[in-house]
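Subject: Structure for your review

Dear colleague,

Please find below the structure that I am handing over to you. A summary of what was found in it follows, arranged by topic.

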Amino acid sequence: AAGAMTTGPEGVWNVVAGAQQCRLNLPMTAKTGTSYYRASAPGCGIPVLASIAGWQQVGSQLQLYDENGNIAAFLAPSGGRYIGTISGGQAVSMAR
């Protein structure tokens, strides 16, 4: 059914952390050698997000991973957005 997965995290997001804003791509493309999907934030000025290489959904939580497979951010859904923290403790939010 088309549009059945509109609540999923895949797609393109605007991510805000502090005064910085980035675009984060979460395609449904398996990342070779891992159990999760690829992710990218090209040209992002937020170092933690610029290093993000993968994502997966665990329950309702969204987990973002760096190139080494370490968790770089945890986010939870909140009214059509995701909110959480990136490694280092900075608050981050994602919206369409």
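Please note that this is a predicted model. I begin with D66, which is located in strand β5, a strand made up of residues 61-66.

**The surroundings of D66**

D66 is buried, and no salt bridge is found for this residue. The nearest side chain of opposite charge belongs to K31, at a distance of 9.2 Å. A salt bridge would require a side-chain nitrogen of Lys or Arg within 4 Å of a carboxyl oxygen of Asp or Glu. What the side chain of D66 does reach is the backbone nitrogen of N68, at 2.9 Å. When neighbours within four places in sequence are left aside, the residues in contact with D66 are Y36, S51, I52, A53 and A72.

**The hairpin of β1 and β2**

Strand β1 (residues 11-17) and strand β2 (residues 20-26) run antiparallel and are joined by 7 bridges. One of the residues involved is A17, whose bridge partner in β2 is Q20. The hairpin has 2 residues between its strands, and G18 adopts a positive phi near 65 degrees there.

**Q90 and its contacts**

A17 and G18 appear again in the contacts of Q90, a residue in the loop between β7 (81-86) and β8 (91-95). With neighbours within four places in sequence set aside, Q90 is in contact with A17, G18, G84 and T85. Is Q90 buried, exposed or partly exposed? Its relative accessibility is 36%, so Q90 counts as partly exposed; the partly exposed class lies between the limits of 20% and 50%. The C-alpha atom of Q90 is separated by 9.5 Å from that of A73, and these two residues are 17 apart along the chain.

**The disulfide**

How many disulfides does a search of the whole structure find? The search finds 1. This disulfide is formed by C22 and C44, with their sulfur atoms 1.9 Å apart. The pair links distant parts of the chain, as C22 is in strand β2 while C44 is in the loop between β3 (37-38) and α1 (47-50), 22 residues apart. In general, a disulfide is a covalent bond between the sulfur atoms of two cysteines. The torsion about the S-S bond of C22 and C44 is about 80 degrees, and the disulfide is therefore right-handed. Both C22 and C44 are buried.

With kind regards

Key: Residues are numbered from 1 along each chain as its sequence is written. This is a predicted model: local features need pLDDT of at least 70, side-chain atom pairs count only at pLDDT 80 or more; totals for chains, interfaces and linings use all residues. Side-chain values use heavy atoms; hydrogens and water are left out. Helices (H or I, at least four residues) and strands (E, at least two) are DSSP runs, numbered from the N terminus. Buried means under 20% relative accessible area, exposed over 50%, partly exposed in between (1.4 Å probe, protein chains only). Lys and Arg count as positive and Asp and Glu as negative; His and the chain ends are not counted. A polar contact is a pair of N or O atoms within 3.5 Å; within protein, one must be able to donate a hydrogen and the other to accept it, and residues adjacent in sequence count only if both atoms are side-chain atoms. Contact means heavy atoms within 4.5 Å. Two strands pair if DSSP finds at least two bridges between them. A disulfide is a pair of cysteine sulfur atoms within 2.5 Å.
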